[in-house]
Amino acid sequence: MISIIGGAGFVGSNLARELQERQMNFRIGDLQVSQSFPEKTDILDVRDPTDLAAKLSGDIVVNLAAVHRDDIRDPREYYSTNVEGAQALCRACEEKGIEKIVFTSSVAVYGFAPPSTNENGVINPFNEYGRTKALAEQVYREWRDKDPENRSLIIVRPTVVFGEGNRGNVYNLLSLINSGAFVMVGNGKNKKSMAYVENLSCFLVKCIESDVKNAVFNYVDGPDLSMNDLVIFVRKKMKGDPSVGIRVPMLLGLTVGYAADALAKIGLKLPISSIRVKKFCASSEFSTAKQKLDGFEAPFTLKQGLD
């Protein structure tokens with residue numbers, strides 16, 4: 001049986017549906033009940049050893065639980081879930097004899113990486129999310145290294161994930177474009193690696209099924225689109241207008257972002273921040289060796305996923 005920690009969330013729900021379709025047995029452990037699979041959900045806090053001791057089960061653990069938003073005010077929240085949660089989960093696996101973990105990390109461990117960074121890229125995170133994901137990876141490696149003959153660890157580093165049911169950055173971008181409120185910041189030549197959730201779910205199933213003992217994979221659905229190409233594609237689909245619309249210089253966007261940062265410190269939360277502007281204008285291009293995992297092929301192209 002497969003335990004999906006954090007399985008009530010966006011990626012976890014899609015993974016659970018994929019496992020259900022393939023008639024693979026699973027349980028979900030999460031802080032909230034899965035809307036899709038309430039009968040298969042155990043309320044579980046990955047940070048709580050007592051919860052894990054009582055409720056963790058199965059032969060394989062897929063850990064999707066994470067604090068990932070970029071507007072978390074207390075950085076200890078990242079460490080508590082992402083790192084201490086990994087430590088507690090590894091201890092629980094040791095106690096229960098669970099010998100395979102699939103951990104979803106993030107390309108955020110690379111920080112503002114050079115184009116086409118692969119799985120051997122330099123680990124250089126620029127925020128607490130990326131830093132704590134990198135620390136969590138090391139926790140899992142130490143767990144595996146205690147018994148490398150019997151234990152299996154596959155680390156998956158997805159880029160930004162989008163798809164049906166998501167309310168993250170890509171959804172917000174599509175909504176802004178659809179509403180007519182979108183403004184392109186910068187020249188739009190920067191490229192963005194993206195991942196469609198249905199493809200990622202299929203890849204995680206492949207990780208579960210694989211006999212590979214130790215591996216790290218970026219997850220990307222290429223070919224990458226520039227922000228200009230992405231916005232034009234979406235505007236053409238939604239508005240019938242193959243253009244980027246209004247454009248402003250990056251400096252102006254950053255000025256607005258810093259002003260929003262200042263307002264956030266006094267309790268006024270806005271949907272823009274300086275870090276979001278920087279991330280929007282930065283290139284985030286990654287390469288992936290995913291096809292080396294038992295010849296994996298994604299069922300959808302990137303544009304099919306966007307469509």
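The exercises below work through side-chain contacts, backbone geometry and surface exposure in a predicted model.

**Exercise 1. Salt bridges around Arg151**

Task: Determine which residues are linked with Arg151 in a network of salt bridges, and describe where these residues lie.

Solution.
- Step 1. The network of salt bridges links Glu94, Lys146 and Arg151.
- Step 2. For the pair of Lys146 and Glu94, the closest N and O atoms are 3.1 Å apart, which satisfies the criterion because a salt bridge requires a side-chain nitrogen of Lys or Arg within 4 Å of a carboxyl oxygen of Asp or Glu.
- Step 3. Lys146 belongs to the loop between α4 and β6, whereas Glu94 belongs to helix α3 (residues 76-96), so this salt bridge ties together parts that are 52 residues apart in sequence.
- Step 4. Lys146 is exposed, with a relative accessible area of 60%, while Glu94, at 32%, is partly exposed.
- Step 5. Arg151 is found in the loop between α4 (128-145) and β6 (152-158), and with a relative accessibility of 12% it counts as buried, because that class covers residues under 20%.
- Step 6. The side chain of Arg151 also reaches the backbone oxygen of Trp143, at 2.6 Å.

**Exercise 2. Two further salt bridges**

Task: A search of the whole structure finds 13 salt bridges; for the bridge between Lys237 and Asp307 and the bridge between Glu18 and Arg22, work out how exposed the partners are.

Solution.
- Step 1. Lys237 and Asp307 meet through their side chains, with an N to O distance of 3.4 Å.
- Step 2. Since Lys237 lies in helix α7 (residues 227-239) and Asp307 in the segment after α10, the pair ties together parts that are 70 residues apart in sequence.
- Step 3. Both Lys237 and Asp307 are exposed.
- Step 4. In the bridge between Glu18 and Arg22, the closest N and O atoms are 3.1 Å apart.
- Step 5. Glu18 has a relative accessible area of 10% and is buried, whereas Arg22, at 35%, is partly exposed.

**Exercise 3. Aromatic rings and the charges over them**

Task: Classify the ring pair of Phe162 and Tyr196 by its geometry, then name the members of the aromatic cluster that includes Phe203 and identify the side chains placed over the rings of Phe26 and Tyr171.

Solution.
- Step 1. The structure holds eleven aromatic pairs.
- Step 2. In one of them, the ring centres of Phe162 and Tyr196 are 5.5 Å apart and the planes stand at 35°, so the pair is tilted.
- Step 3. Phe162 is part of strand β7 (residues 160-162) and Tyr196 is part of strand β9 (residues 191-196), so the pair ties together parts that are 34 residues apart in sequence.
- Step 4. Phe162 and Tyr196 are both buried.
- Step 5. Phe203 belongs to one aromatic cluster with Phe217, Tyr219 and Phe296.
- Step 6. Lys40 lies over the face of Phe26, 4.8 Å from the ring centre, and the charged end of Arg167 sits over the ring of Tyr171, at 4.2 Å from its centre.

**Exercise 4. Backbone geometry**

Task: Locate the cis peptide bond involving Pro223, and describe the surroundings of Ser116 and Asp294, for which phi is positive.

Solution.
- Step 1. The cis peptide bond joins Gly222 and Pro223, with omega at about -5°, and Pro223 has its place in strand β11 (residues 221-226).
- Step 2. Ser116, a residue other than glycine, has a positive phi near 65°; Ser116 is found in the loop between β5 (100-104) and α4 and is partly exposed at 47% relative accessibility.
- Step 3. Asp294, also a residue other than glycine, has a positive phi near 55°; Asp294 lies in the loop between α9 and α10 (302-306), and its relative accessible area of 45% makes it partly exposed.

**Exercise 5. The nonpolar patch**

Task: Identify the residues of the nonpolar surface patch that includes Ile266, and place Ile266 and Asp261 in the chain.

Solution.
- Step 1. The patch is formed by Leu252, Val256, Leu263, Ile266, Leu268, Leu270 and Ile272, which together have about 580 Å² of accessible area.
- Step 2. Ile266 is found in the loop between α8 (250-265) and α9 (274-281), and with a relative accessible area of 69% it is exposed.
- Step 3. Asp261 lies in helix α8 and is partly exposed at 24% relative accessibility.
- Step 4. The C-alpha atoms of Asp261 and Ser274 are separated by 6.8 Å, although 13 residues separate the two along the chain.

Conventions:
Residues numbered from 1 in each chain as written. Predicted model: local features only at pLDDT ≥ 70, side-chain atom pairs only at ≥ 80, totals over all residues. Heavy atoms only, no water. Patch = residues over 30% accessible without salt bridge, like charges linked within 9 Å, V, L, I, M, F, W, Y side chains within 5 Å. Areas by Shrake-Rupley, 256 points an atom, 1.4 Å probe, with all protein chains shown as cover. Helix = DSSP H or I, 4+ residues; strand = E, 2+ residues; numbered from the N terminus. Buried < 20%, exposed > 50% of the residue type's maximum accessible area, 1.4 Å probe, protein only. Phe/Tyr/Trp six-rings, centres within 6.5 Å; stacked < 30°, edge-to-face > 60°. Lys NZ or Arg CZ within 6 Å of the ring centre and 35° of its normal. Polar contact = N/O pair within 3.5 Å; in protein donor to acceptor, adjacent residues only side chain to side chain.
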